Amino acid sequence: MEESDPEFRYFVFAVLHEVAHVDLDHKSQMFDGITSEKNTDQEIEANAQALKWYNMYVTEQENPDLPKLKIEEIKRVREKNQAERIERYEPQQEEIV
Ligand SMILES: [Zn+2]
């Protein structure tokens with residue numbers, strides 16, 4: 001699979017997003033009792049960090065076929081995946097944005 005493939009970019013972003021939660025020492029709504037507002041702030045922060053890491057890599061590659069990643073692309077792929085999942089009557093994935 002090409003690293004410029006939207007599904008692959010989405011997968012890498014999702015992994016980086018989870019690593020960002022750990023790196024930024026984020027707390028859990030369920031286990032640490034943070035508010036949903038704080039949780040949303042953490043999600044936005046993890047997205048920003050994941051995009052930053054991904055785009056640092058893109059900058060290093062100097063590959064014209066590998067554009068920088070924006071949150072709009074992530075939302076597009078996620079909506080497409082969710083629509084396909086609903087068609088197949090499978091449960092939705094966890095929200096990451
Ligand atoms: Zn998250």
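The expected span of a helix is 1.5 Å times one less than its number of residues. Keep that rule handy for the views below, which come from a predicted model.

**View A. The whole chain is built from helices.** Four helices and zero strands make up the protein chain, so the pattern along the sequence reads α-α-α-α. Laid along the principal axes, the C-alpha atoms fill a box of roughly 45 × 35 × 20 Å. Of the 97 residues, 10% count as buried. Take the contacts with a separation of 6 or more: 60% of them join residues 24 or more positions apart.

**View B. Helix 1, end to end.** Does the length of helix 1 agree with or depart from the 1.5 Å a residue rule? Its 18 residues should span 26 Å, and the end C-alpha atoms sit 25 Å apart, which agrees. Helix 1 runs over residues 6-23.

**View C. One side of helix 1 is buried.** Look for Arg9, Phe13, Leu16, His17 and Ala20, the buried residues of helix 1. They take up an arc of only 115° around the axis, which puts them on the same side of the helix. Here is the general idea behind a pattern like that: an α-helix has 3.6 residues a turn, so residues three or four places apart point the same way. Helix 3 and helix 4 are among the elements covering the buried residues of helix 1. Now go round to the face turned away from the buried side of helix 1, and you meet the exposed residues Glu7, Phe8, Val15 and Val22.

**View D. Helix 1 meets helix 4.** Zoom in on where helix 1 packs with helix 4 (residues 71-87): the angle is about 105°, and the axes are 10 Å apart. That makes the two helices roughly perpendicular. Which residues make the contact? From helix 1 come Pro6, Glu7, Tyr10 and Phe13, while helix 4 brings Glu73, Ile74 and Val77. Sorted by kind, the contact has five nonpolar residues, no polar ones and two charged ones. Two of the helix 1 names may ring a bell: Phe13 was listed as buried, and Glu7 as exposed.

**View E. Helix 3 and its cover.** Helix 3 covers residues 36-61. With 26 residues, helix 3 reaches 38 Å from its first C-alpha to its last, close to the 38 Å expected at 1.5 Å a residue. Which residues of helix 3 are buried? They are Ala46, Ala50 and Leu51. What covers them includes helix 1 and helix 4.

**View F. Asp25, just past helix 1.** Helix 1 is followed by Asp25, and its phi is positive, near 55°. Asp25 is a residue other than glycine. You'll find Asp25 in the loop between helix 1 and helix 2 (29-32). Is Asp25 buried or exposed? Asp25 is exposed, with 7 other C-beta atoms within 10 Å; a residue counts as exposed at 12 or fewer.

**View G. Glu62, just past helix 3.** Right after helix 3 comes Glu62, with a positive phi of about 50°. Glu62 is not a glycine either. Its place is the loop between helix 3 and helix 4. Glu62 is exposed, with 7 other C-beta atoms within 10 Å.

Key:
Residues numbered from 1 in each chain as written. Predicted model: local features only at pLDDT ≥ 70, side-chain atom pairs only at ≥ 80, totals over all residues. Axes fitted to C-alpha atoms, helices over the stretch in contact; angles between N-to-C directions. Parallel < 35°, antiparallel > 145°, perpendicular 65-115°, else oblique. Contact = placed C-beta atoms within 7 Å. Nonpolar A, V, L, I, M, F, W, Y, C, P; charged D, E, K, R; others polar. Buried ≥ 20, exposed ≤ 12 C-beta atoms within 10 Å, placed from the backbone. Arc of directions from axis to C-beta.
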